[in-house]
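Hello,

Here is the structure for your set. Please load it first; my notes follow below.

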Amino acid sequence: MKFFIDTANLSEIQQAQDMGVLDGVTTNPSLMAKEGISGVEKIIAHYKAICSIVDGDVSAEVISTNYEGMISEGLELVKIDPKIVVKVPMIADGVKAIRYFTDNGIRTNCTLIFSSGQALIAAKAGATYVSPFIGRLDDISTNGMDLIESIRVIYDNYGYETEILAASVRHPMHIIQCAQLGADVMTGPLSAISALIKHPLTDIGLAKFLADHAKSNK
Ligand code: G3P
């Protein structure tokens, strides 16, 4: 399972990279705004900075909502770095844009996926990744994991190569359940990734090992 970090914060990206488990980064317009990144030049410079930290894919989202706009933005984004994956929203023009990018060798991440039907059509258009938002489904009392499971079945039935990138991950149990269901990738905050490491019995056990070692080495 690939681990992506879902942030545009350079320090958090660096910390995840330094942990040695990072496979990529996802961003979105809200995450870029949260870091105070605005204006084309600053946005491009920020994507360059992210790409210089990580070894894997970096999703950069288009702002346009019409086909022509998405194509021209995507063509500019991929010039920034070969790691860039063009993130396109699941709307009719987005599907058409994904088909264009696929036919022209440009990798895509189809975002804002909330149903299996949306995931199916994104795969048919050739999306590299599809991003079901599990946390936001949980927020409206709908089990986000059911969506991951359903997409896994559909993609396996037909051998679609589109990778399931579980997004809107909020906590470590989301990551574990996604791994159990066979999501190819998860993207989440640093807090959820770091929380996988922690267990109180590990801390208690280590303290005891060190205390015993200290006693017998006086
Ligand atoms: O990857 C999508 C993600 O950024 C959305 O997460 O927590 O805003 O629902 P959240």
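Which residues of the largest nonpolar core touch the most other members? They are Ile-5, Ile-13, Val-25, Tyr-47, Ile-84, Ile-148 and Ala-166, out of 57 residues in that core. Apart from it lies another core, of five residues, among them Phe-4, Tyr-129, Leu-165 and Val-185. Bear in mind that this is a predicted model.

**Around Ile-148**

Ile-148 is one of the residues just listed for the largest nonpolar core. Leaving aside neighbours within four places in sequence, its contacts are Pro-132, Ile-134, Ile-164, Ala-166, Cys-178, Leu-181 and Ala-183. Ala-166 therefore appears twice: as a contact of Ile-148 and in the list of core residues that touch the most other members, where buried means under 20% relative accessible area.

**Around Ile-53**

Ile-53 sits in helix α3, which covers residues 40-53. Is Ile-53 buried or exposed? Its relative accessibility is 15%, so Ile-53 counts as buried. Beyond the neighbours within four places in sequence, Ile-53 is in contact with Leu-10, Ile-13, Gln-14 and Gln-17. Ile-13 is also in the list for the largest nonpolar core. For a distance check, take Ile-53 and Ile-80: they are 27 residues apart along the chain, and their C-alpha atoms are separated by 14 Å.

**Aromatic pairs**

How many aromatic pairs does the structure hold? There are five. One of them is Tyr-100 with Phe-101, an edge-to-face pair with 5.8 Å centre to centre and 75° between the planes. Tyr-100 is partly exposed, at a relative accessible area of 27%. Phe-101 has 0% relative accessibility, so Phe-101 counts as buried.

Tyr-155 and Tyr-160 also pair. Their ring centres are 5.8 Å apart and their planes stand at 70°, so this pair is edge-to-face. Tyr-155 is buried, with a relative accessible area of 1%. Tyr-160, at 23% relative accessibility, counts as partly exposed. Together with Tyr-158, these two tyrosines form one aromatic cluster.

**Surface**

Which residues make the nonpolar surface patch of about 250 Å²? The patch is made by Met-19, Val-21 and Ile-197. Val-21 is placed in the loop between α1 (10-19) and β2 (24-26). With a relative accessible area of 37%, Val-21 is partly exposed. Patch residues need over 30% relative accessible area, so Val-21 at 37% clears that cut-off.

Best regards

Terms used. Residues are numbered from 1 along each chain as its sequence is written. This is a predicted model: local features need pLDDT of at least 70, side-chain atom pairs count only at pLDDT 80 or more; totals for chains, interfaces and linings use all residues. Side-chain values use heavy atoms; hydrogens and water are left out. Patches are made of residues with over 30% relative accessible area and no salt bridge: like charges are joined within 9 Å, nonpolar side chains (Val, Leu, Ile, Met, Phe, Trp, Tyr) within 5 Å. Accessible areas come from the Shrake-Rupley method with a 1.4 Å probe; for residues, only the protein chains shown count as cover. A salt bridge is a side-chain nitrogen of Lys or Arg within 4 Å of a carboxyl oxygen of Asp or Glu. Helices (H or I, at least four residues) and strands (E, at least two) are DSSP runs, numbered from the N terminus. Buried means under 20% relative accessible area, exposed over 50%, partly exposed in between (1.4 Å probe, protein chains only). Contact means heavy atoms within 4.5 Å. A nonpolar core is a set of buried Ala, Val, Leu, Ile, Met, Phe, Trp, Tyr and Cys residues joined through side-chain atoms within 4.5 Å. Rings of Phe, Tyr and Trp (its six-membered ring) pair if their centres lie within 6.5 Å; planes under 30 degrees apart count as stacked, over 60 as edge-to-face and the rest as tilted.
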